[in-house]
Amino acid sequence: MDLESHSTLNDHVQQTGISSGSQDEVSVPDSGPEMAEPQVAVAPVVTSRLSVKAPEFYPSGYNQNFNQNFTDSSFEDRYDGYVTLAEYVQDFLNHLTEQPGCFEMEIEQFAETLNGWVTADEALQELVELIYQQATSVPNFSYMGARLCNYLSHHLTISPQSGNFRQLLLQRCRTEYENRDEATKGDETTRKQFHAFVLFLAELYLNLEIKGTKGQVMRAEILQEGLRELLNALFSNPVDSNLICAVKLLKLTGSVLEDAWKEKGKNDMEEMIQRIENVVLDANCSRDVKHMLLKLVELRSSNWGRVHGTSPCTEATPENDPNYFMNEPTFYTSDGVPFTAADPDYQEKYQEMLEREDLFPEYEENGTDLSGPGDLYFDDIDDEMDPEIEEAYEKFCLESEHKRKQ
C-alpha cells in the first residue's frame, strides 16, 4: 500500500469520528512483499446514541419526567422527595404504567402514604381526577386504573361529607356519562375520548367490588345500567368508531352483563343482539365493521366462548358435551335457513345442499380427475367471493333468519 492510499484511509478514519485511541480503531497493516492480496478496510460499527428513556419508547400520554426515586431508592423514602400530592401520585401512576407487575408489591405502601397526605376534600377530589385522567388517556391503563380504584375504595380512610373515594369517582364518571349522546355525534377527537371513558367504565364494572349489607361482594349495579345506556348511545349513532367501541365493550363485559340481566329476568342482551343485526342490515358502516359485528353475534351464540369441560376420562360426544357442535360450520338450505351438525335432519339437509350446489361436477365417484389441464371450470374458480356479492349474501341470510324467528 503506497503512502497516498495510507493517507486516504487515515482521512476516512478521522471523518468517521474514531479517535486513534478508541477500541474501534482500524489497524492498517504495513505493506510488504509477503502481502499477496490487497486488504479491505472494514467500516466501523456505529453505536446508537438513543437512550432507553427516549420519548419514542413511551406510550402516548405518558409523563416522561419519571421520578428517579422509583428506581434509585426504597419505596419508604419516596414520599420525602415530593412537594405536592399531584407529583407523587402522577409518578406512581407512570410507574404502574411502565411496570404493572409492581402493583401487588407496592399498592399497600402507596395507600398508606395517601392516608397521611389526603386529609381534605380538595385533595381527595384531586386524587380521583389524576387517576381518571390516567385511565382514560394512557393506552392500556384502563384495567390497571380500575384495579387501583378498587383497592383505594377499600383502603383510604378519609370519608368527607362530599363523598368517599368511590362516590367521588362515580360522580366524575357521571359527568362524561351524561354527555353520551353529544359525544357519540362529535368529531373524531371527541369520540375517541368518549370511547376511552366507555372502556374504563367497563373495567370498573368488572373490578370495582362493593360489599353488601350482609358482607357479600357485589358489582356496582349503577354501572350495569350505565353500560346498557352507553351501548344504546353507541348503536344510535352507528359510525365505524362507535360500533368498534361497542364491540370491544361487549367482548369485555357481555357474558357478565347477560348473566346479571338474566338473574333479574330481563331480556336486555336479546335486545342488544337484535340492534346489532339491524345495524348489519341497515347501517352504512364498513364491511370490516359489519364482519366484526357478525363475529360478536357468533361469539354470543356460543355462550361468549365459555366452554364447560367434560370429564377427562370421557370422550366428548353430542350427548355429554353441550359445546360439542360449537365450532361446527354453519350451512344454509335453499330457503336460506341456517343449520349445523347439531340439527336432527343434518344429513338430509347437507346432502340436499351438495346436490343443489353440484360442488364437484368434474369428479367421478372414485375420485378420478376428469378435468384436463387448462380446464375452464377450475381455472375460473375464485377463492374469495366478490365483496358486493358476499355482503348481499350475508344480508340475505340474516333477513331469512329474522323472518324464520318471527
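**Notes on a predicted model: helices, buried residues and salt bridges**

1. Val-247 has a relative accessibility of 4%, so this residue counts as buried. (Buried means under 20% relative accessible area, exposed over 50% and partly exposed in between, using a 1.4 Å probe and protein chains only.) Please keep in mind that this is a predicted model, in which local features need pLDDT of at least 70 and side-chain atom pairs count only at pLDDT 80 or more, while totals for chains, interfaces and linings use all residues. Residues are numbered from 1 along each chain as its sequence is written, and side-chain values use heavy atoms, with hydrogens and water left out.

2. Where does Val-247 sit? Its place is in helix H11; helices (H or I, at least four residues) and strands (E, at least two) are DSSP runs, numbered from the N terminus. Setting aside neighbours within four places in sequence, Val-247 is in contact with Met-292, Leu-293 and Leu-296, contact meaning heavy atoms within 4.5 Å. Val-247 and Leu-296 are 49 residues apart in sequence, with 6.9 Å between their C-alpha atoms.

3. Asn-242 also belongs to helix H11, which covers residues 240–263. With 0% relative accessibility, Asn-242 counts as buried. Its side chain is joined to that of His-195 by a polar contact of 2.7 Å. (A polar contact is a pair of N or O atoms within 3.5 Å; within protein, one must be able to donate a hydrogen and the other to accept it, and residues adjacent in sequence count only if both atoms are side-chain atoms.) Beyond neighbours within four places in sequence, the contacts of Asn-242 are Thr-184, Arg-191, His-195, Leu-234 and Asn-237.

4. Helix H6 is worth a look for its surroundings. Its 14 residues (142–155) should span 20 Å at 1.5 Å a residue, which agrees with the 20 Å between its end C-alpha atoms; the expected span is 1.5 Å times one less than the number of residues. H6 is mostly covered, with eleven of its 14 residues buried, including Met-144, Arg-147, Cys-149 and Tyr-151. These buried residues pack against helices H3 (85–98), H4 (103–117), H5 (121–137), H7 (165–177) and H9 (188–207), and against strand S1 (209–211).

5. Helix H12 passes the length check too: for its 15 residues (268–282) the expected span is 21 Å, and the end C-alpha atoms are 21 Å apart. Among its buried residues are Asp-268, Met-272, Ile-276 and Val-280.

6. How many salt bridges does a search of the whole structure find? The search finds 15, a salt bridge being a side-chain nitrogen of Lys or Arg within 4 Å of a carboxyl oxygen of Asp or Glu. One of them pairs Glu-178 with Arg-174 at 3.0 Å, N to O. Both partners are partly exposed, Glu-178 at 47% and Arg-174 at 45%.

7. Glu-225 and Lys-264 meet in another salt bridge, at 3.7 Å, N to O. Glu-225 lies in helix H10 (residues 221–236) and Lys-264 in the loop between H11 and H12, so the pair ties together parts 39 residues apart in sequence. Lys-264 is partly exposed at 36%. Both residues belong to a salt-bridge network that links Glu-221, Glu-225, Arg-228, Glu-229, Lys-264, Lys-266 and Asp-268.

8. Back in helix H11, Glu-258 forms a salt bridge with Lys-262, the closest N and O atoms being 3.6 Å apart. The two lie four residues apart, about one turn of the helix. Glu-258 is buried at 7% relative accessibility, whereas Lys-262 is exposed at 55%.
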